[in-house]
Amino acid sequence: MMDEGVDVKSLFLFFFSPQVLLLACAEDLECVPGFQQKVFYIEKPFEFTEDQLVLNLKFDDCKGNNKLNFEVSNPDFAVELDGNLVALKNVSEVGKALFVHARSEHAEDMAEIFILEASEKRGALKEILKIEGNLGIPRQKRAILAAPILIPENQRPPFPRSVGKVIRSEGTEGVKFRLSGKGVDQDPRGIFRINEMNGDVSVTRSLDREAIANYELEVEVVDTNGKTIDGPVRLEIAVIDQNDNRPMFKEGPYVGHVMEGSATGTTVMRMAAFDADDASTENAQLRYNILRQTPTKPSPNMFYIDPEKGDIVTVVSPALLDRETMESPKYELVVEAKDMGGMDVGLTGTATATILIDDKNDHAPEFTKKEFQATVKEGVTGVIVNLTVGDRDDPATGAWRAVYSIINGNPGQSFEIHTNPQTNEGMLSVVKPLDYEISAFHTLLIKVENEDPLIPDIAYGPSSTATVQITVEDVNEGPVFHPNPMAVTKQENIPVGSVVLTLNATDPDTLQHQTIRYSVYKDPAGWLEINPTNGTVGTTAVLDRESPFVHNNIYTALFLAIDSGNPPATGTGTLHITLEDVNDNVPSLYPTLAKVCDDAKDLRVVVLGASDKDLHPNTDPFKFELSKQSGPEKLWRINRLNNTHAQVILLQNLKKANYNIPISVTDSGKPPLTNTTELRLQVCTCKKSKMDCSATDALHISLTLILLSLLSLFCNKSCTLQL
């Protein structure tokens, strides 16, 4: 039991003094190679004086510590063989931490010494323990005192090892300590234990701060029956960070671009590494450095990296950052990130940064020759020459791609020039056939530029223009008809041998003396002939406007004109003959068959129509007439309905028979033409709306037969009288 007169403040200071905490953290059950304590916190004095003892560092390689060697991150301090850290001279500025590296033939380890200002000491410890409120024992009457426990991560076996102790001010007789929480009876289970009898807290395995940095447990005191007597009280366990994680570059690949000629100090890209260690300690304080540059020309130090931010910037002059003079426009930098603020004892990670020097249009394209030659035959189109240029800028960019233009010598727009996208050459083409007789030579002035504009201090010079001398070769061209097509108007039915017209063809090869002969090429109806010498076209048959070879009153024939060249050349001419109509076709009648019932009440038998192949005025109005009827009485008549139609009307019902009615139709031509057509009229028996004409042939009594019978009877009587 604790005396009630004990000063709680004194007890708090005792338990939370650095010496007691460090002893609790460093307690080992048996020899463990390495520093027995790896993390120290000391208050910074006004000045470290020469030979001043700072700390005693206990290191044991469990093999006698033979040939033990210590290295300190600050050269103003050293560790003696007995482990005493001393200042080698008076030192006022040290920094926030010292790192001591110890090694022998059998063991190697590192210790960290954090140097805190007097005003920071309590706050720093509070941050490490991650305890809210006042550091230490809560200001309330409790019998359980559970001081926060600090445990370095990555401790070596053996386990379990004691890390702290829980105290009951009222004694421990007849009671037991019970520990619970995450790491005890909650996942991850079994990491911590407590001695039920004396309150010793132990850890069963190595801890990883990057997995879990703090544990919040609860301690209570129970009687032999398990009934809680005191508590629960919170027990804070903080895992002290060790530098066990290397910096890592996770966001690669790292590719940066910088324009050639950029000013010194131009930022190219940023390299950022990640360290899983505690960001509030030097373990995660990264410093960057360029280890290697490939290639090393024109300077082995083309770039600089900000050691704290990781920004890569250019350090050479704009003149050296010239893409066209570089061995390669691509640089690879091996970048190192080192923790521990870049100290030698820090862990490192590397990554490769690829930097591409982007092109800008600082070189004008230049023709490889000042003058190009081309030869083309007259009458031919297509590419005649490829113009080549050189450009030192980056291929396949707008700074390299060429744009050509014809700036002189092309008034008739006979030439065009386009860029070959694969070779960057200028393809000069003839788009309108050239005529040797007009001009045998052409001179073009061509200019080449880039798709992208040049930078302000660069201009297109004389080498960006070139001339093209084009020679046109003479070709034996075929004769040309004038005009073509040729047109003439003639009456149909003109006499055979009539002259239609004389064709005219000339030879465009005016510099050659050639003769021309003519021939018929296509004469669909075979109506025409041509004089081979003078081109006179005459008729060999009657021209017929109504012929199937005539379309829309026009007859078309083709003729050839052949020169005397070697080989001879041929020209084709077209002749259109418009045929004027002549009244040379009689009108025709339709229909030629009609039927009527023998008892019909409507005696309007049929409506007749007339047509004529001729044109107006040689067609309608038509005149319809019946042949003169003979006999005791008239049987039918015809009435004109309009210019092209008439109606046949019976004057009485007729007996069942066939009748032939002669009808004449006359057109309006001058002179008029008449055609007589017999209308066959069938008189049929009609019963129950059915017409029966089957017996009409047997009862055939036409007007003609009646007349013939009467004449025969009259003749017989005459003959009898004569006899």
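Which residue in S42 does Tyr518 stand opposite? In this predicted model, Tyr518 stands opposite Ala561 of that strand, and the paragraphs below set this pair in the context of the chain.

**Strand S42 and its partners**

Strand S42, which runs over residues 554–563, is mostly covered, with 7 of its 10 residues buried. Strand S42 pairs in the antiparallel sense with strand S39 and also, in the antiparallel sense, with strand S43. The connection from S42 to S43 is a hairpin through 6 residues, and Ile562 has Thr570 in S43 as its bridge partner. The two pairings are set out here.

| Pair | Residues of the partner strand | Sense | Bridges |
|---|---|---|---|
| S39 and S42 | S39, residues 516–522 | antiparallel | 6 bridges |
| S42 and S43 | S43, residues 570–580 | antiparallel | 9 bridges |

**The chain as a whole**

The chain holds 4 helices and 52 strands, and of its 723 residues 43% are buried. Among contacts with a separation of 6 or more, 67% link residues that are 24 or more positions apart. The exposed surface of the chain comes to about 38,700 Å², of which carbon and sulfur atoms supply 51%.

**Nonpolar cores**

The largest nonpolar core has 28 residues, and those with the most contacts inside it are Leu608, Phe624, Val648, Leu650, Ile663, Leu679 and Leu681. At least two residues of this core come from each of several strands, among them S45 (593–597), S46 (604–611), S49 (645–650) and S51 (674–687), while S50 gives the most, with 5 residues. Leaving aside residues up to four places away in sequence, Ile663 touches a set of residues that includes Leu608, Val648 and Leu679 as well as Glu625, Asn675, Thr676 and Thr677. Apart from this core lies another, of 25 residues, which include Ile144, Val175, Leu207 and Val233.

**Confidence**

The mean pLDDT of the chain is 85, and 88% of its residues reach 70 or more. Over residues 126–141, however, pLDDT stays under 50, and the model has 25 contacts beyond four places in sequence for this stretch. Residues 696–723 likewise have pLDDT under 50 throughout, with 22 contacts beyond four places in sequence. Where pLDDT is low, the predicted coordinates should not be read in detail.

Key: Residues numbered from 1 in each chain as written. Predicted model: local features only at pLDDT ≥ 70, side-chain atom pairs only at ≥ 80, totals over all residues. Heavy atoms only, no water. Buried < 20%, exposed > 50% of the residue type's maximum accessible area, 1.4 Å probe, protein only. Contact = heavy atoms within 4.5 Å. Areas by Shrake-Rupley, 256 points an atom, 1.4 Å probe, with all protein chains shown as cover. Core = buried A, V, L, I, M, F, W, Y, C linked by side-chain atoms within 4.5 Å. pLDDT = per-residue confidence, 0-100. Pairing = 2+ DSSP bridges.
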